[in-house]
Amino acid sequence: MAEWFVEKLNMAQHIKTQISIKEKLYEEKSPYQHIAIYETTGFGKMLTLDDVIMCTEKDEFGYHEMIAHVPLFAHNNPENVLVIGGGDGGTVREVVKHSAVKHVDMCEIDERVVEVAKKYLPTMSNQLSNPKVSLHFQDGFQWVKDHKNQYDVIIVDSSDPVGPAEVLFKEEFIRCCYESLKENGILVNQAEHMLMFTDIIKEMLDYGRKYFPIQYYYNTLVPTYPGGFIGFTFFSKKFTPFENLAQRIEQEKIDNWNLQYYTKEMHKASFTLPKAIQKELKTPVISL
Ligand code: SPM
């Protein structure tokens, strides 16, 4: 009989996620949260934080490729990048592929997540010691308050809007990210499932509208998250998600990047939303 890991986070949305596991490989209680690694029967190793699925080896690419490459190909010259959260290393692994990126600060509050990922999830964490990367184990909100006008792209690879990460979905944080970006900067935030959390996304887009002239929401596929999808808000001071795409793709030679999800076609298509959601979020309709 297989054992099942059950994620109960979205019970209020009438959904439980279950994933079949072979064994629990590791667990600890860090100063911030419960960290666990499981060997699943079909999705490779899996990281959970406070019993919520963060990533599995089999389907993490859809999340990490899209949270990283969409803003980095939308910007014309993304030299300085900040990743907030992202302790497993998957986002940084994608960010450092860009030759345009000269430096990455990763600000993760929980050093233990990074240490556990280095030991159990080497395919995600293998670029955390890349010379372009500086790791900072501190609060991301404080980091953006202390670093004004510094970044071309900020990527918020957070957990869900409950507990400590809740502030990362609020106006004050979005405003501080705006101030931490340079004049052409782009901010992308993990922003939930479009159908189950439309209200949270609407709220984030409304906050973003107060500061950024350009706002979108885009989607990716992650079968082990409730509902199978997750999306991101895209806020930009100057560039649409598309205007630099052809030139930047040409510059980066992505055929050697071993990508499994991201293509320029997927970049464009991910902004196309179901009719009712698009109407509700009031984001621009994309002509493909
Ligand atoms: N680097 C991977 C970290 C993952 N960050 C997002 C985690 C979200 C997980 N929950 C999705 C459920 C939606 N309510």
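# Exercises on a predicted model

Helix α1 covers residues 60-74, which makes 15 residues. From first C-alpha to last, α1 reaches 22 Å, close to the 21 Å expected at 1.5 Å a residue. The model is predicted. Work through the exercises below with the structure in view.

## Exercise 1: Helix α1

Find the kink in α1 and state how well the helix is covered.

**Solution.**
- Step 1. Locate the bend. The kink is centred on Met-66.
- Step 2. Give its angle. The kink is about 25°.
- Step 3. Check the cover. α1 is mostly covered, with 15 of its 15 residues buried.

## Exercise 2: The whole chain

Describe the protein chain by its elements, then decide how its compactness compares with a globular protein of its length.

**Solution.**
- Step 1. Count the elements. The protein chain has 10 helices and 12 strands.
- Step 2. Take the radius of gyration. The value is 18 Å, and the globule rule gives 19 Å for 288 residues. The two are close, so the chain is as compact as a globular protein of that length.
- Step 3. Add the box. Along the principal axes, the C-alpha atoms fill roughly 55 × 45 × 40 Å.
- Step 4. Look at burial. Of the 288 residues, 57% are buried.
- Step 5. Look at contacts. Take those in the protein chain with a separation of 6 or more: 67% of them come from residues 24 or more positions apart.
- Step 6. Turn to the surface. The chain exposes about 12,300 Å², and carbon and sulfur atoms supply 51% of it.

## Exercise 3: A salt-bridge network

Trace the network that contains Glu-60 and say which of its residues are buried or partly exposed.

**Solution.**
- Step 1. Start from the total. The whole structure holds 16 salt bridges.
- Step 2. Take Glu-60. Its side chain meets that of Arg-93 in a salt bridge, at 2.8 Å from N to O. This pair links distant parts of the chain: Glu-60 is in helix α1, Arg-93 in helix α2 (residues 90-95), 33 residues apart.
- Step 3. Apply the cut-off: buried means under 20% relative accessible area. Glu-60 has 7%, so Glu-60 is buried. Arg-93 has 10%, so Arg-93 is buried too.
- Step 4. Move to Glu-94. Its side chain meets that of Lys-97 in a salt bridge, at 2.9 Å from N to O. Glu-94 is at 1% and counts as buried. Lys-97, at 24%, is partly exposed.

Now a separate pair. Where do Glu-203 and Lys-170 lie?

- Step 5. Give the distance. The closest N and O atoms of Glu-203 and Lys-170 are 3.4 Å apart, and the two form a salt bridge.
- Step 6. Place the partners. Glu-203 lies in helix α7 (residues 198-209), Lys-170 in the loop between β9 (151-157) and α6 (171-180). The pair therefore ties together parts 33 residues apart in sequence.
- Step 7. Check exposure. Glu-203 is partly exposed at 33%. Lys-170 is partly exposed at 32%.
- Step 8. Return to the network. Salt bridges that share partners join Glu-60, Arg-93, Glu-94 and Lys-97 into one network.

## Exercise 4: Around Lys-268

Place Lys-268 and list the residues it touches, leaving out those up to four places away in sequence.

**Solution.**
- Step 1. Find the element. Lys-268 is in helix α9 (residues 264-269).
- Step 2. Judge exposure. At 34% relative accessibility, Lys-268 counts as partly exposed.
- Step 3. List the contacts. Lys-268 touches Phe-242, Leu-245, Ile-286 and Leu-288.
- Step 4. Compare sequence with space for one of them. Leu-245 and Lys-268 are 23 residues apart in sequence, and their C-alpha atoms are 9.3 Å apart.

Note on methods
Residues are numbered from 1 along each chain as its sequence is written. This is a predicted model: local features need pLDDT of at least 70, side-chain atom pairs count only at pLDDT 80 or more; totals for chains, interfaces and linings use all residues. Side-chain values use heavy atoms; hydrogens and water are left out. Helices (H or I, at least four residues) and strands (E, at least two) are DSSP runs, numbered from the N terminus. The expected span of a helix is 1.5 Å times one less than its number of residues. The bend at a residue is the angle between axes fitted to the seven residues ending there and the seven starting there. Buried means under 20% relative accessible area, exposed over 50%, partly exposed in between (1.4 Å probe, protein chains only). The radius of gyration is taken over C-alpha atoms; the globule rule is 2.2 Å times the number of residues to the power 0.38. Contact means heavy atoms within 4.5 Å. Accessible areas come from the Shrake-Rupley method with a 1.4 Å probe; for residues, only the protein chains shown count as cover. A salt bridge is a side-chain nitrogen of Lys or Arg within 4 Å of a carboxyl oxygen of Asp or Glu.
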